[in-house]
Amino acid sequence: QVRLVESGGGSVQSGGSLRLSCATSGLTNNKYSVAWFRQAPGQEREGVAVIADDGSTRYGDFVEDRFIVSRDRDKRSLDLEMNTLKPEDTAMYYCAATPGWLPVLHPRDYVYWGQGTQVTVSS
């Protein structure tokens, strides 16, 4: 069974930084894209960042060069380095994975999901 477990969430002040991590297990040797999504109460889930199996990346427009997504193939983990955080970044952050070659960044395209980690940015 595929499992994805997020960690690293917490509370930070505006302008601060935070690093999220997603530990994965149960994925086969097939090609996968892994991504970060976020969702605030009453809002739709939106794509934050994705890194495909070949290392190509794609970010949501709101990221504005503040975040960096990376993958550790040996540990089979996914990281998200977030800098210059804003109050509007407050949300539950989820990691997700889906078979494929392209760095897609829409929740409808993803099959496996973690349970999320809360990020709160205070002003």
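Let's start with the disulfide: this predicted model holds one. The bond joins Cys22 to Cys95, with the two sulfurs 2.1 Å apart. Trace the chain and you'll see that the pair links distant parts of it, since Cys22 sits in strand S3 (residues 18-25) and Cys95 in strand S9 (residues 91-99), 73 residues apart. The link is right-handed, with 55 degrees about the S-S bond. Both ends are out of sight, too: Cys22 is buried, and so is Cys95.

Stay with Cys95 for a moment and look at what its backbone is doing. Its backbone nitrogen lies 2.9 Å from a polar atom of the Glu6 side chain. Glu6 itself belongs to strand S1 (residues 3-7). So what does a buried glutamate do for a partner here? Glu6 has no salt bridge, and the nearest side chain of opposite charge, Arg45, is 7.9 Å away. A salt bridge would call for a nitrogen and a carboxyl oxygen within 4 Å. What the Glu6 side chain does have is backbone company: besides Cys95, the backbone nitrogen of Gly116 also lies 2.9 Å from one of its polar atoms. Leaving out residues up to four places away in sequence, Glu6 touches both cysteines of the disulfide, Cys22 and Cys95, and its other contacts include Trp36, Tyr93, Gly114 and Thr117.

Two of those neighbours take us into the nonpolar interior. Trp36 and Tyr93 are among the residues with the most contacts inside the largest nonpolar core, which has 27 residues; Leu20, Val48, Leu78, Leu80 and Met82 are on that list as well. The elements that give two or more residues to this core are S3, strand S4 (32-39), strand S5 (46-51), strand S7 (67-72), strand S8 (77-82), S9 and strand S11 (117-122). S9 gives the most, with four residues. For a feel of the packing, click on Leu80: not counting residues up to four places away in sequence, Leu80 touches Leu20, Trp36, Val48, Phe67, Val69 and Tyr93, among others. There is also a second, separate core of six residues, which includes Ala35, Phe37, Val50 and Ala96.

Val50 and Ala96 turn up again around Ser33. This serine lies in strand S4, and it counts as buried because its relative accessibility is 1%. Where does its polar side chain find a contact? A polar atom of the Ser33 side chain lies 2.8 Å from the backbone oxygen of Leu102. Setting aside neighbours within four places in sequence, Ser33 is in contact with Val50 and Ala96, and also with residues including Asp53, Trp101, Pro103 and Tyr110.

Now for the charged groups. Side chains of opposite charge can pair when their charged atoms come close. A search of the whole structure turns up seven salt bridges, and a few are worth a visit. Arg38 forms one with Glu46, their closest N and O atoms being 2.8 Å apart. Arg38 counts as buried because its relative accessibility is 6%, whereas Glu46, with a relative accessible area of 28%, is partly exposed.

Asp89 and Arg66 meet in another salt bridge, at 2.7 Å from N to O. This pair links distant parts of the chain: Asp89 is in the loop between S8 and S9 and Arg66 in the loop between S6 and S7, 23 residues apart. Asp89 is buried, with a relative accessible area of 0%, and Arg66 counts as buried at 8%. Salt bridges that share partners join Arg38, Glu46, Arg66 and Asp89 into one network.

The same two loops hold a further pair. Glu64 forms a salt bridge with Lys86, the closest N and O atoms being 3.4 Å apart. Because Glu64 lies in the loop between S6 and S7 and Lys86 in the loop between S8 and S9, this pair ties together parts that are 22 residues apart in sequence. Are these side chains' residues buried or exposed? Glu64 counts as exposed at 52% relative accessibility, while Lys86 counts as partly exposed at 27%.

Glu64 has a backbone quirk as well: its phi is near 55 degrees, a positive value in a residue other than glycine. Thr84, in the loop between S8 and S9, also has a positive phi, near 50 degrees. At 46% relative accessibility, Thr84 counts as partly exposed.

Key: Residues numbered from 1 in each chain as written. Predicted model: local features only at pLDDT ≥ 70, side-chain atom pairs only at ≥ 80, totals over all residues. Heavy atoms only, no water. Buried < 20%, exposed > 50% of the residue type's maximum accessible area, 1.4 Å probe, protein only. Lys, Arg positive; Asp, Glu negative; His and termini not counted. Polar contact = N/O pair within 3.5 Å; in protein donor to acceptor, adjacent residues only side chain to side chain. Contact = heavy atoms within 4.5 Å. Disulfide = S-S within 2.5 Å. Core = buried A, V, L, I, M, F, W, Y, C linked by side-chain atoms within 4.5 Å.
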